[in-house]
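User: Hi! I'd like to go through this structure with you, a few quick questions at a time. Ready when you are.
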Protein chains: 2
Amino acid sequence: MSETPESQAEFAEERRELLIAELREAIDSGAAKQVRGLLEAEHPADASDFLEQLSSERFEAVMDLLGGDLPADILIELREEYREDAVEVMSDEAVVEALDELETDDATAVLEDLDEDRRERILEELEPEDRAVLEASFEFDEDTAGRLMQREFLAAPEFWSVGQTIDYARENAEELPTDFYEIYVVDPTNRPLGYVLLSQLLRTKRDIPLAEIMETFHSDIHVDQDQEEVAYQFQKYALASAPVKDHDGRLVGMITVDDMVHVIQEENTEDLLALANVSSADGSDTVWESVKARAPWLGINLITAFIASAIIALFEGTLDRLVQLAILMPVVAALAGNAGSQGLAVAVRAIAEREMEGKAGRRAVIRETLTGIVNGVIFAIGVGLVAFFWFSDVKLAIVLAAAMLASFMWAGASGILVPLTLKRMGADPAVASSVFVLTLTDTMAFFSFLGLATLFLL
Amino acid sequence: MSETPESQAEFAEERRELLIAELREAIDSGAAKQVRGLLEAEHPADASDFLEQLSSERFEAVMDLLGGDLPADILIELREEYREDAVEVMSDEAVVEALDELETDDATAVLEDLDEDRRERILEELEPEDRAVLEASFEFDEDTAGRLMQREFLAAPEFWSVGQTIDYARENAEELPTDFYEIYVVDPTNRPLGYVLLSQLLRTKRDIPLAEIMETFHSDIHVDQDQEEVAYQFQKYALASAPVKDHDGRLVGMITVDDMVHVIQEENTEDLLALANVSSADGSDTVWESVKARAPWLGINLITAFIASAIIALFEGTLDRLVQLAILMPVVAALAGNAGSQGLAVAVRAIAEREMEGKAGRRAVIRETLTGIVNGVIFAIGVGLVAFFWFSDVKLAIVLAAAMLASFMWAGASGILVPLTLKRMGADPAVASSVFVLTLTDTMAFFSFLGLATLFLL
């Protein structure tokens, strides 16, 4: 029994591969029952993982074998592009059935995949009550709390006792969400007054009223709030779930932490990709999707790279007489560019974590500039020495070192000022920052190195 | 009541600034009672946020005013470096008192901040039982499930009924963790058999045995497991909490999702910073800490930049005769470097999200290379045209375009092959990748451009 984590991980991986192989075989031999059995025996998250490992032909074959009826809990676990494919081949009836089984937030996600015509048609087929709820979700913008929330939650008046609440839950078991972590205490106009954690409810005697054990809210989430702000509150207050209020402060929904984990990942990925000048990316992107997400940024870079070229061209005469400059100038640009990117990444993270507000922002600008100076001195000496031993030319080495120091200071300042300025202008500090910073450092590197060379070496 | 989200956010921000100003005033006038009152009136997460906004002098003044006794729930919410400062000025008695109030995972975090002598001394002061538990935590490596878990959870035998379980919780209310989401059903040797969600328990009749409503585990977490693997399971199975087993498969602890959200953020930040060649970063870093986290990478870059220089030096004769090459060669390097970074960022994200296993990895290599070719063709034409109009030289434009195409293909391939290779070697694919990729694209850019120029333009 005392296995190492590695051998357990290997074992899990082997099991996964065996099951996927078994699934492939079952698909190829058209064994519909076995395919369904294999998928339903696993956790929906695992079943969807298996499906995502299949070629698109086999994935279609699975949908055929299942008669276009993929279990709702597996459907919702599929990554968006697979889910879209699956929903496309499902009959309207199968989609309606799946929607019936899902909670509102998940049902909304499935409906989002449909084109408008089909969505309308399918909404028509739903029970009027369910339809109204789902239609309401679509009134909120994507990426807002209103779109993410589920309409199912447990609310109770403050005069209910613990016992009454438990009895109510037992009698209405069917209507409660599958999983929830707290009960919302509301006033007669349905405005939330506080919450009672289930773990608190559980340990409290039956006759105690909810009013006595409820706690006040720290989160404050409204239907129109951006998902990023919601995720921030979840992190800050370590929430498992939180109530969502409408414009009049009435309780209309609940958001759970699993959805927020997803949002946090999404926002992090967006930042990382934006810093690398990629608009969006997904493991299953086609070549064309990849090109579309990257070419516009490369186009901007095409312009900025020629700006740097134009700077070099200013010193054509100097370069013509001192070819060593052409050999060394990319060193200045590469190192200063790297220093700028470092500062930029730190700044973007700090802004995302809200560590840059007020005084902290000013402190950071000073720190980054000083860091640029310190690293600049270190690497000015470094490149100066290398250049001296390579070309045996003291003056060249000094010019290179001086240009390096200037470029590092500039890189340090622009690495932090560019994202802070973008943020102040209301733009996303991660998007476009790195093109700006690299252009600024490149032009400074070429200008200072070739400029100093023109002044002192000719 | 119907405010827009913007005005609400502004209102919250204004309130925060007012309270921080009030806190500053109270500190400066030495009003100890008011300081304590202000802090304790807020959620601990807000109180710690206020403290982090203070200058270090004022922060120390707060600790003085509180007589070195910061409430435990605020202490644990402070960012590590502030917590360290706070613990340093707290008396041993105050620390012991705080540890008593905290759950084991939080108490462990506080103890981690202490130097070994003081930690030993403080452990001595604890109740023998508490001490044993905390000492056990330190037997697990940092960043493992064993270190992250709390020892407080609710476990019950499978023959207990719902009613018995609720009665037990009521009678032992004091010993249960403040907040938990599920009950673990264990066999007589304390091995976990399944779990019952509190929301399930709540809606089930008193006389039903737990065995009948329990669900089987999908997560599989052991004390030695790395936190990244644990976080992956939380995301995959949308968990709010999960049990942790020791080497013999016995239930020893519980991990909750709020800790995992923290881990997910940490891992994401690590990736983003690693891609920008920063070892670690924090909003409150000093200049010296920033230099230490960045200089080693710049040192590596110093070497790789001179490798690129050496490539250029190979073509000194060519450059000497055609100075335009020096003007244009950074364009090839900048664009190809950007294309390589784009592919790299996409690959690092996909690896982190486990979207690169088996076939998906091979597909991605093909896609990235093809994306490199498509973007290569587009931007080869682009730079070729610009160069033609600038220098009115068809041959130069064609050589530049050909070098661009070659460099883009190379950038596409290395952007994905470098992180995949690092991963296969068991290294972190985000660390060191970008230095490798940029060096590979720089050398290829210079070599292909100057090489082709030597062959066709002289």
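User: Let's start with α17(B) and α22(B): are they roughly parallel or roughly antiparallel to each other?
Analyst: Happy to help, and keep in mind that this is a predicted model. Helix α17 (residues 287-314) and helix α22 (residues 433-457) of chain B pack at an angle of about 15°, with their axes 9 Å apart. The two helices α17(B) and α22(B) are therefore roughly parallel to each other.

User: Which hand does the crossing of α17(B) and α22(B) have?
Analyst: That crossing is right-handed.

User: And which residues make the contact?
Analyst: From α17(B) you have B:Trp297, B:Ile300, B:Asn301, B:Thr304, B:Ile307, B:Ala308, B:Ile311 and B:Ile312. Facing them from α22(B) are B:Val435, B:Thr439, B:Asp442, B:Thr443, B:Phe446, B:Phe447 and B:Leu450. Sorted by class, the contact of α17(B) with α22(B) has 10 nonpolar, 4 polar and 1 charged residues.

User: Nice. Over to chain A now. At what angle do α20(A) and α21(A) cross?
Analyst: Roughly 155°. Helix α20 covers residues 359-391 of chain A and helix α21 covers residues 394-424, and their axes come within 7 Å. That angle makes α20(A) roughly antiparallel to α21(A).

User: What about the hand of that crossing, and how many nonpolar residues are in the contact?
Analyst: The crossing of α20(A) and α21(A) is right-handed. Their contact has 26 nonpolar residues, along with 9 polar and 1 charged.

User: Another pair in chain A: how do α8(A) and α10(A) cross?
Analyst: Helix α8 (residues 104-112) and helix α10 (residues 128-137) of chain A have axes that come within 10 Å and cross at roughly 70°. That makes α8(A) roughly perpendicular to α10(A). In passing α10(A), α8(A) makes a right-handed crossing.

User: Who meets whom there?
Analyst: On the α8(A) side you'll find A:Thr104, A:Ala107, A:Thr108 and A:Leu111, which meet A:Val133, A:Leu134 and A:Ser137 in α10(A). The contact of α8(A) with α10(A) has 4 nonpolar and 3 polar residues, with no charged residues.

User: Enough helices for a moment! What is the strand order in the chain A sheet?
Analyst: The order is β1-β2-β3 in chain A, an open sheet of 3 strands with mixed pairing. Its edge strands are β1 (155-157) and β3 (192-197), each of which pairs on one side only. From one strand to the next, the twist averages 35°.

User: How many bridges join β2 to β3(A)?
Analyst: There are 5, and the two strands run antiparallel, with β2 spanning residues 182-186 of chain A. If you want a spot to click on, try A:Val186, whose bridge partner in β3(A) is A:Pro192.

User: Then there's a sheet in chain B. What's its order?
Analyst: It reads β4-β5-β6 (chain B), an open sheet of 3 strands with mixed pairing. The edge strands in chain B are β4 (221-222) and β6 (251-256), each pairing on one side only. Strand β5 (residues 241-245) of chain B pairs with β4(B) in the parallel sense over 2 bridges. Within that pairing, B:Ile221 has B:Val244 in β5(B) as its bridge partner.

User: Which helix packs on that sheet?
Analyst: Helix α16 (residues 257-275) of chain B does, touching β5 and β6 of chain B. The direction of α16 makes about 65° with that of β6(B).

User: Last topic, the two chains. How many residues are in contact?
Analyst: 104 residues of chain B are in contact with 102 residues of chain A. Helix α19 (residues 324-352) of chain B gives the most to the side of chain B that touches chain A, with 17 residues. That side of chain B divides into 58 nonpolar, 27 polar and 19 charged residues.

User: And what turn lays chain B on chain A?
Analyst: A turn of 180° with a shift of 0.0 Å along the axis, giving an RMSD of 0.2 Å. That is the relation of a two-fold axis. The same surface serves both copies, since 98% of the contact residues of chain B recur in chain A.

Key. Residues are numbered from 1 along each chain as its sequence is written. Chains are lettered from A and ligands numbered from 1 in the order in which they are written. This is a predicted model: local features need pLDDT of at least 70, side-chain atom pairs count only at pLDDT 80 or more; totals for chains, interfaces and linings use all residues. Two residues are in contact if their C-beta atoms, placed from the backbone, lie within 7 Å. Helices (H or I, at least four residues) and strands (E, at least two) are DSSP runs, numbered from the N terminus. Ala, Val, Leu, Ile, Met, Phe, Trp, Tyr, Cys and Pro count as nonpolar, Asp, Glu, Lys and Arg as charged, and the others, Gly among them, as polar. Copies are superposed by least squares on the C-alpha atoms of residues with pLDDT of at least 70 in both. Axes are lines fitted to C-alpha atoms, for helices over the stretch in contact, and angles run from 0 to 180 degrees between N-to-C directions. Angles under 35 degrees count as roughly parallel, over 145 as roughly antiparallel, 65 to 115 as roughly perpendicular and the rest as oblique. A crossing is left-handed if the near helix is turned anticlockwise from the far one by less than a right angle, and right-handed if clockwise. Two strands pair if DSSP finds at least two bridges between them.
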